[in-house]
Amino acid sequence: MTETSGSQAAPTVALCGGTVVVALDPPQVVMCDVVLAGDRVAALGRAPGGLARRDCTGALVVPGNVCAHHHLYSSLARGMPYRLAPPRNFTEILQRVWWRLDRALDETSVRASALRGGLDALLAGTTTVVDHHASPNFIDGSLEVIADALTELGIRSVLCYEVSDRDGPERALSGVAENRRFLAHQRRLARGMMGAHASFTLSDETLAACAETARAAGTGVHIHVAEDAADQRDCARRGGRRVVERLHNAGIVTDQALLAHCVHVDANEVQVLSSTGATVVCNPRSNMNNAVGHSPFNLRAGDGPGAKVALGTDGIGGDMVTESQVGFFRAKEAELSTSPSWPLARLARGARFVGGVYGEPLLGTLHPGAPADLTVYDYGSPAPLDAGNLSGHWVFGLSPGQVRDVYVAGELVVADRRSTRVDQAKVAADGAQVAGELWQRLEKVPAHDFEPMGGEHR
Ligand SMILES: [Zn+2]
């Protein structure tokens with residue numbers, strides 16, 4: 001063996017013969033076996049004889065991807081009926097689509113959504129989901145239900161409940177309490193953060209409660225920031241401030257914070273976000289789908305010193321290969337000089353964030369001692385592959401359809417493209433049935449009447 005961790009656990013399995021991506025940023029690629037012991041990578045090199053082996057000849061062995069911003073509750077929304085007038089802007093998308101769906105969710109549909117969304121993520125090679133959950137008519141215990149479903153699948157997660165004042169003060173308080181309850185009982189593969197919706201649906205009092213709950217639990221706040229210009233208009237009407245300034249003053253923008261989108265932020269806000277150590281999550285497909293604009297953090301303007309930029313799907317599935325490819329093309333279209341390392345650096349950043357939550361600095365790498373979260377791709381490379389050109393293979397050749405095996409914390413949870421934990425046909429059938437019932441309830445839920453301050457129409 002050439003590199004070992006000194007781990008005390010006995011080796012359990014060797015992944016043999018593959019091309020191993022030890023790290024994404026900076027890229028490190030070696031041809032070697034990967035020996036796992038318990039929940040860790042134990043060694044890289046030539047595996048000793050007598051050990052259980054999994055043949056990875058011709059395959060690419062890669063650290064598992066992290067989806068740094070997901071909404072698993074939207075997993076059964078694909079293809080759902082829509083009979084209201086078409087939304088004309090982002091606020092109307094929330095009022096007529098997502099704030100109707102979340103109010104139709106009950107315990108059964110929250111569980112089915114988490115099971116289906118978590119399974120889809122694993123099958124696409126994603127080993128950690130950072131989720132942002134809302135179900136205003138089933139708040140108490142909702143995070144436990146999601147954690148149970150994800151634990152059943154064997155996927156790692158960081159969960160929170162999206163606190164908001166849009167459904168009244170009682171639900172805002174229940175949301176804070178749900179986060180606090182979950183944060184008090186961490187699990188091996190499910191951790192908590194403090195969740196909050198966005199500046200424009202949060203009073204000063206509720207923002208303060210979110211910041212205090214996070215501080216007391218030693219965690220950060222996961223919140224949407226300036227996804228649309230409506231968030232900035234609302235903030236200006238509340239006191240002439242910018243969104244990042246308001247959140248920073250409230251104690252939300254810390255080095256443990258996870259700030260989704262940051263599309264409508266100015267140069268000063270970019271500087272504040274970069275200097276505080278907060279992690280920004282870009283969700284390029286979602287931003288395009290909602291026509292909200294380009295985040296400077298998706299482009300070079302937000303790529304300055306100190307900027308920590310990860311990637312999420314914002315609920316458009318759990319496939320980070322495709323998200324990173326689309327995000328790269330979007331950045332490249334805007335700026336031809338976009339670095340080829342763009343997708344790898346952002347994926348590595350998401351893993352580093354989760355590593356911080358779990359106290360695992362090597363998470364997102366395959367260095368000995370790292371948690372054994374990894375994906376085996378059947379990637380029949382048409383050309384030489386090394387650290388110098390990994391990003392080219394990633395952007396132009398990798399596909400979630402190539403995902404063969406997935407390990408999380410040393411356990412083989414997807415083998416030969418099938419979950420080893422759950423009956424996929426049953427998850428699909430149950431999900432379809434629950435989706436039908438959810439869609440029926442949804443038809444009776446009217447558009448939400450919550451309006452941001454400052455007007456809507458562009
Ligand atoms: Zn989101």
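## Strand β10 and its neighbours

In this predicted model, Val 66 has Thr 128 of strand β10 as its bridge partner. The pairing to which strands β9 (residues 65–70) and β10 contribute is parallel and extends over four bridges. A parallel arrangement also holds between β10 and strand β11 (residues 156–159), which are joined by three bridges. Here Val 130 has Val 158 of β11 as its bridge partner.

Strand β10 covers residues 126–131, and six of its six residues are buried, so the strand is largely enclosed by the rest of the structure. Together with helix α3 (residues 142–153) and β11, strand β10 makes a β-α-β unit that is right-handed.

## Salt bridges: total and network

The count of salt bridges in the model comes to 30. Four residues, Arg 54, Arg 404, Asp 405 and Asp 416, are linked in a network of such bridges.

## A salt bridge within helix α5

Glu 212 and Arg 215 form a salt bridge through their side chains, with an N to O distance of 2.9 Å. Both residues belong to helix α5 (residues 204–217), where they are three residues apart, about one turn of the helix.

How accessible are the partners, Glu 212 and Arg 215? Glu 212 has a relative accessibility of 40% and counts as partly exposed. For Arg 215 the relative accessible area is 58%; because this lies over 50%, the residue is classed as exposed.

## A salt bridge between α8 and a loop

A salt bridge also connects the side chains of Glu 269 and Arg 242, at 3.0 Å from N to O. Glu 269 is located in helix α8 (residues 267–276), whereas Arg 242 is in the loop between α6 (229–239) and α7 (243–249); the pair therefore ties together parts that are 27 residues apart in sequence.

The accessibility of each partner can be stated separately. Glu 269, at 2% relative accessibility, counts as buried because its value is under 20%. Arg 242 counts as partly exposed, at 31% relative accessibility.

## The pair Asp 39 and Arg 40

Asp 39 and Arg 40 form a salt bridge in which the closest N and O atoms are 3.1 Å apart. Is this pair buried or exposed, taking Arg 40 and Asp 39 in turn? Arg 40 is partly exposed, its relative accessible area being 21%. Asp 39 also counts as partly exposed, at 30% relative accessibility.

Definitions and conventions: Residues numbered from 1 in each chain as written. Predicted model: local features only at pLDDT ≥ 70, side-chain atom pairs only at ≥ 80, totals over all residues. Heavy atoms only, no water. Buried < 20%, exposed > 50% of the residue type's maximum accessible area, 1.4 Å probe, protein only. Helix = DSSP H or I, 4+ residues; strand = E, 2+ residues; numbered from the N terminus. Pairing = 2+ DSSP bridges. Right-handed = clockwise from strand over helix to strand, strands pointing away.
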